[in-house]
Amino acid sequence: MPYAILRTAKLKSAGNINSLNEHLQRLRPTPNADAELTPLNVQLVGSQDLAADVQARLDEVGCTVRSNAVLAVEHLLTFSPEFLDIRKENGKSGKPALVVYPPEDGAKLAGFQARAMEWLSERYGPENVVNAVLHLDEQTPHIHATVVPIDAVGKLNCRAMLGDRKKMRDMQTSFAAKLAPLGLQRGVEGSQAQHQEVKRFYGLVKELNPQLEQEAQRQVAQQRIHQAGQQHSRGGGIGR
């Protein structure tokens, strides 16, 4: 049975946000992306300017932005490769297209997109999901969603969103439950997992490489960009 896969990364600086936007909008070389398929990528929420989307939400709330605050949280939502047999072919117009086999599985991708976006809105509030992009030009379709962590009292509060390990585990369980009607299951969880299940799960995640590996490396790099020199004041906004 295929897995639902969810990863998060904190965006703490303008550098983090702008670096992510370059990846989202293909403003820099992306070795694991097929340039012929890039026009098929879909902007689901927000604009092609991620920094402006984040800043607009912060301005709307009018909250204080501390120097060490997490400005936004990136969510990478995808699935293990066996969920969909999706192939690049030439369409009727002669342009490259993605075709799902067998054809009756064609609704699965739309179902994943709809349920993943519903989960984000239900968990964080649609007003806090400021940007989302569906990438169809890499090995496995996936969504990058950026959430500004505004809590119930209007404060920028990443801890309330991600919290401790228990909250992170609950988030993974909640996401998988939302996608369960599509035939996706949660990844292995701690001591409840059998050895063969663990081995299979990480084997499937490895199959997503270089996509997920490069995503993980990029997310780590984002955390290091401008960490020492970036300071955010209440009125300073997000720089370019």
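## A guided tour from helix H1

Select helix H1 and begin with its covered positions: Ala14, Gly15, Asn16, Ile17, Asn18, Ser19, Leu20, Asn21, His23 and Leu24 are buried. The helix spans residues 14–24, and ten of its eleven residues are buried, so that H1 counts as mostly covered. The model on display is a predicted one.

**The whole chain.** Zoom out before continuing. The chain has 240 residues, and 45% of them count as buried. Seven helices and seven strands make up its secondary structure. Read from the N terminus, the elements follow the order β-α-β-α-β-β-β-α-β-β-α-α-α-α. Consider next the contacts between residues at least 6 apart in sequence: 76% of them join residues at least 24 apart. If a surface is displayed, its accessible area is about 12,000 Å², and carbon and sulfur atoms account for 51% of that area.

**Leaving H1.** Return to the end of H1 and select Gln25, which is placed in the loop between H1 and E2. Is Gln25 buried or exposed? Its relative accessible area is 18%, and because residues under 20% count as buried, Gln25 is buried. Now display its surroundings. Leaving aside residues up to four places away in sequence, Gln25 touches Gln43, Ser47, Gln48 and Val133. Select Arg26 as well; this residue follows H1 and has a positive phi, near 55°.

**Strand E6 and its partners.** Two of the residues touched by Gln25, namely Gln43 and Val133, lead to the next stop. Gln43 stands opposite Val133 in E6. Select strand E2, residues 42–45, together with E6: the two pair in the antiparallel sense over three bridges. Strand E6 itself covers residues 129–135 and is mostly covered, with seven of its seven residues buried.

Which strand is joined to E6 by six bridges? Select strand E7, residues 142–147, which runs antiparallel to E6. To locate one point of this pairing, select Ala132 and its bridge partner in E7, Ala145. E6 and E7 form a hairpin, with six residues between them.

**Aromatic residues.** How many aromatic pairs does a search of the whole structure find? The search finds four. One of them to display is formed by Trp119 and Tyr124, an edge-to-face pair with 6.0 Å centre to centre and 80° between the planes. Both Trp119 and Tyr124 are buried. Select next Phe79, Phe83 and Phe112, which form one aromatic cluster. A further ring worth displaying is that of Tyr101: Arg87 lies over its face, at 4.0 Å from the ring centre.

**Cysteines.** For the last stop, select Cys63 and Cys158. How many disulfides does the structure hold? There are zero. Cys63 has a relative accessible area of 9% and is therefore buried. Cys158 also counts as buried, because its relative accessibility is 10%, under the 20% limit.

**Looking back.** To close, display H1, Gln25 and E6 together. H1 has ten of its eleven residues buried, E6 has seven of its seven residues buried, and Gln25, in the loop after H1, touches Val133.

Note on methods. Residues numbered from 1 in each chain as written. Predicted model: local features only at pLDDT ≥ 70, side-chain atom pairs only at ≥ 80, totals over all residues. Heavy atoms only, no water. Helix = DSSP H or I, 4+ residues; strand = E, 2+ residues; numbered from the N terminus. Buried < 20%, exposed > 50% of the residue type's maximum accessible area, 1.4 Å probe, protein only. Contact = heavy atoms within 4.5 Å. Areas by Shrake-Rupley, 256 points an atom, 1.4 Å probe, with all protein chains shown as cover. Pairing = 2+ DSSP bridges. Phe/Tyr/Trp six-rings, centres within 6.5 Å; stacked < 30°, edge-to-face > 60°. Lys NZ or Arg CZ within 6 Å of the ring centre and 35° of its normal. Disulfide = S-S within 2.5 Å.
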